[in-house]
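Please examine the sequence and the three-dimensional structure shown below. The report that follows describes selected residues and then the chain as a whole.

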Amino acid sequence: MKVHAIQTGFVKIKSAQVEGHGHNRITRQLAIFADRNWTEWLPTYAWAIEHSEGVIVVDTGQGAHLLQTGSSYHPYARWEVVFRIDPEEEIGPQLRSLGIGPRDVKRVVLTHLHMDHDGGLAHFPNSEILVAPGEIRTASGWAGRIRGYLPNRWPSWFDPVPLELGAEPIGPFARSRRLTRAGDIVAVATPGHTADHVSILVQADDTTFFLAGDTSYNESLMLASRVDGVSPDEGTSIATLNAIRGFVQTNPTVYLPAHDPQSATRLANRRLVGIVEPTVPLAVLVPRDPPRDVVS
Ligand SMILES: [Zn+2]
């Protein structure tokens, strides 16, 4: 089994979206509009898992159509987010360069339906596409558009299979669903960023690769239980972040949020949560020979 990080361009958002201001949903969302501070360009990752039962893609990343959100009628899309992507950076061309054709992808699983996660759907007309049923309801139709989703950009053939999670707890996660017969790739409920957000856990050897979607924008925010500015319910988000921390304490885990600038490096190095790489070479911290003047 191999997990590939596929960067589908970059996104800039407001600092108040990355880390919410205030405890009330409306207050936090208005703070995004009031904020004048933008992030750096953040990556938008999708993931491809080469598995003996077939390739599974998790999220589809950005599409080049997102370059037009500046003329959108939706105030968030128009003013509060900026995208950067070339057409060849979409997920389809990148999978082909890895030797993975559209028909090789058995399943696509979406952590949620925000525009930078469903933007590459057009590349998967032959795959089974799984989305949590509540997320489909929230994102569909005019109500979805008013909430900031782009159902009008879904391919005409888009008819996702409801990803129903069962009452099968995995550690602190109450509901889950196996995505492989082997049981080594599992979806778990991680509500917070959206009410029906899911994360995908990939078990390889003794390590869990935690494809976290937007449960937090980076690992530090998860470790600090800091809720983002768009989560509809602060308490739900905190409970999920606490559950993730509980999980990583007992399972060696590589935590991989979709917009964390460190995610690809962390995946390549299999860097576990909680292991901080020293910024000073160890040889400097631990001299081989004690200094002469302290030798008695
Ligand atoms: Zn999102």
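## Loop residues and overall form

Asp205 is located in the loop that lies between β10 (198-204) and β11. The model under discussion is a predicted one. In this model Asp205 has a positive phi of about 55 degrees, although it is not a glycine. Its relative accessibility is 69%, so Asp205 counts as exposed, since the term applies to values over 50%.

A second residue invites comparison. Ser225 is likewise not a glycine, and its phi is positive, at about 55 degrees. Ser225 is placed in the loop between α7 (219-223) and α8. Is Ser225 buried or exposed? With a relative accessibility of 17%, Ser225 counts as buried, because residues under 20% are given that description.

Two further loop residues may be considered. Leu165 occurs in the loop between β7 (161-162) and β8 (176-178), and Ser72 occurs in the loop between β3 (54-58) and α3 (75-79). Leu165 is buried, its relative accessible area being 15%. Ser72 counts as buried too, at 17% relative accessibility. The table collects the four loop residues.

| Residue | Loop between | Relative accessibility | State |
|---|---|---|---|
| Asp205 | β10 and β11 | 69% | exposed |
| Ser225 | α7 and α8 | 17% | buried |
| Leu165 | β7 and β8 | 15% | buried |
| Ser72 | β3 and α3 | 17% | buried |

Which residues do these side chains and backbones meet? Leaving aside residues up to four places away in sequence, Leu165 touches Arg175, Ser176, Arg177, Ala187, Val188, Ala189 and Val198. With the same neighbours left out, Ser72 touches Ala77 and Arg78. Leu165 and Ser71 are 94 residues apart along the chain, and a distance of 38 Å separates their C-alpha atoms.

The aromatic side chains form another topic. A pair of aromatic rings is described by the distance of the centres and the angle of the planes. The count of aromatic pairs comes to six. One of them joins Phe210 and Phe247, whose ring centres are 6.0 Å apart and whose planes meet at 70 degrees, an edge-to-face arrangement. Phe210 belongs to strand β11 (residues 207-213) and Phe247 to helix α8 (residues 234-250), so this pair ties together parts that are 37 residues apart in sequence. Phe210 and Phe247 are both buried. Together with Phe173 and Tyr255, Phe210 and Phe247 form one aromatic cluster.

The description now turns to the whole chain. Its secondary structure amounts to 10 helices and 12 strands. The radius of gyration is 20 Å, close to the 19 Å that the globule rule gives for 296 residues, so the protein chain is as compact as a globular protein of that length. Along the principal axes, the C-alpha atoms fill a box of roughly 80 × 50 × 40 Å.

What percentage of the 296 residues is buried? Buried residues make up 53% of them. Among contacts with a separation of 6 or more, 65% are between residues 24 or more positions apart. The protein chain exposes about 14300 Å², and carbon and sulfur atoms supply 52% of this area. As for charge, there are 27 positive and 32 negative side chains, and the centres of the two sets lie 2 Å apart.

Key: Residues are numbered from 1 along each chain as its sequence is written. Side-chain values use heavy atoms; hydrogens and water are left out. Helices (H or I, at least four residues) and strands (E, at least two) are DSSP runs, numbered from the N terminus. The radius of gyration is taken over C-alpha atoms; the globule rule is 2.2 Å times the number of residues to the power 0.38. Buried means under 20% relative accessible area, exposed over 50%, partly exposed in between (1.4 Å probe, protein chains only). Contact means heavy atoms within 4.5 Å. Accessible areas come from the Shrake-Rupley method with a 1.4 Å probe; for residues, only the protein chains shown count as cover. Lys and Arg count as positive and Asp and Glu as negative; His and the chain ends are not counted. The place of a charge is taken as NZ of Lys, CZ of Arg, CG of Asp or CD of Glu. Rings of Phe, Tyr and Trp (its six-membered ring) pair if their centres lie within 6.5 Å; planes under 30 degrees apart count as stacked, over 60 as edge-to-face and the rest as tilted.
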